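Good morning, colleagues. May I ask you to look at the sequence and the structure on the screen while I take you through the strands and the helix packing?

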Amino acid sequence: VMYPRIVAPLALESPAAVAAVTTAQNLRQTAICALMKSEDFDSDVLTMSDIHAFGVEMAVSRVINMPDGTQNAFAQGRRRVEIMALQPNGDMMLALCRVVEEKLSASRKVKATMQVVSNLFRRLVELNDSVPEEVLFFILNAETPGHLADMVASSMSISLDQRQRILQITDESRRLDAVSKLLAEELKVLE
């Protein structure tokens, strides 16, 4: 699961994914990243019932050929989208999407929660060697509760379902609260 404003590698696990990312890159357009509902997808035709309707518009910076023959893309999430329809287009799918507006919150309570989440994440970095310290710099400088929540969620060891649930929360303060709870749970396990 990709989040807005986050740069991340993306495994291109199907010919359609390679075609979509390559086409977007060649045309200097964006692509849509959406989580499949099942890891056992084996059909030739992708339908709306096969994917989660919430995804992320992403800009692809480069595609890398891996030694094992697979391909990965480095991409930056742009914004949350709701996928309204899918349409076959050659060897890939086109998605008709609407941009999902996020509900911004700026109360004292939200600012206090941002500080708590930043401090909890600092503790996570101290306890977990798999989270690079450089990520902490970006976390501590997040300007909105939504961006903070997305950065923390993208850095945590949580399930794909949990990541998808976080992606679907459009109210920034509710998303930050949800990430705060997941972060506290992860810290309990590490401590």
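**Helix packing and strand pairing**

The crossing of α4 and α6 is left-handed. Before I go on, please note that this is a predicted model.

Let me stay with that helix pair. Helix α6 spans residues 172-190, and its axis lies 8 Å from that of α4, at an angle of about 30°. Angles under 35 degrees count as roughly parallel, and α4 and α6 are therefore roughly parallel to each other. On the α4 side, the residues that meet α6 are Pro-145, Gly-146, Leu-148, Ala-149, Asp-150, Val-152 and Ala-153. On the α6 side they are Glu-172, Arg-175, Leu-176, Val-179 and Leu-183. By residue class, this contact comprises eight nonpolar, one polar and three charged residues.

Helix α4, residues 145-155, has a second partner in α2, residues 108-127. Here the axes come within 10 Å and cross at roughly 20°. These two helices are therefore roughly parallel to each other as well, and the crossing of α2 and α4 is left-handed. From α2, the contact draws on Val-110, Met-114, Val-117, Ser-118 and Phe-121. From α4, it draws on Pro-145, Leu-148, Val-152 and Ser-155. What is the make-up of this contact of α2 with α4? It has seven nonpolar and two polar residues, and no charged ones.

Pro-145, Leu-148 and Val-152 of α4 deserve a remark: they meet α2, and they also meet α6.

I turn now to the strands, beginning with β4, which covers residues 71-89. Which strands pair with β4? Strand β1, residues 7-12, is joined to β4 by six bridges, and the two run antiparallel. Within that pairing, Leu-10 stands opposite Ala-73. Strand β3, residues 51-65, is joined to β4 by 11 bridges, again in the antiparallel sense. Two of the facing positions there are Ala-59 with Gln-76 and Asn-65 with Gln-71. Strand β5, residues 92-99, pairs with β4 over eight bridges, also antiparallel, and Gln-87 has Leu-94 as its bridge partner.

Two of these pairings are hairpins. The hairpin of β3 and β4 has five residues between the strands, and Gly-69 takes a positive phi near 95°. In the hairpin of β4 and β5 there are two residues between the strands, and Gly-90 in the turn has a positive phi of about 65°.

Strand β3 has a further partner in β2, residues 31-36, through five bridges in an antiparallel arrangement. In that pairing, Met-36 stands opposite Ile-51.

Finally, let me consider one residue of β4 in detail, namely Gln-71. Which side chain makes a polar contact with that of Gln-71? The partner is Asn-65, at 2.7 Å, and Asn-65 is also the residue that stands opposite Gln-71 in the strand pairing. Leaving aside neighbours within four places in sequence, Gln-71 is in contact with Leu-10, Ala-11, Leu-12, Val-18, Val-63, Ile-64 and Asn-65. Among them, Leu-10 faces Ala-73 of β4.

To summarise the two topics: α4 packs roughly parallel to α2 and roughly parallel to α6. Strand β4 pairs antiparallel with β1, with β3 and with β5, while β3 in turn pairs with β2. Thank you for your attention.

Terms used:
Residues numbered from 1 in each chain as written. Predicted model: local features only at pLDDT ≥ 70, side-chain atom pairs only at ≥ 80, totals over all residues. Heavy atoms only, no water. Axes fitted to C-alpha atoms, helices over the stretch in contact; angles between N-to-C directions. Helix = DSSP H or I, 4+ residues; strand = E, 2+ residues; numbered from the N terminus. Parallel < 35°, antiparallel > 145°, perpendicular 65-115°, else oblique. Left-handed = near helix turned anticlockwise from the far one by under 90°. Contact = heavy atoms within 4.5 Å. Nonpolar A, V, L, I, M, F, W, Y, C, P; charged D, E, K, R; others polar. Polar contact = N/O pair within 3.5 Å; in protein donor to acceptor, adjacent residues only side chain to side chain. Pairing = 2+ DSSP bridges.
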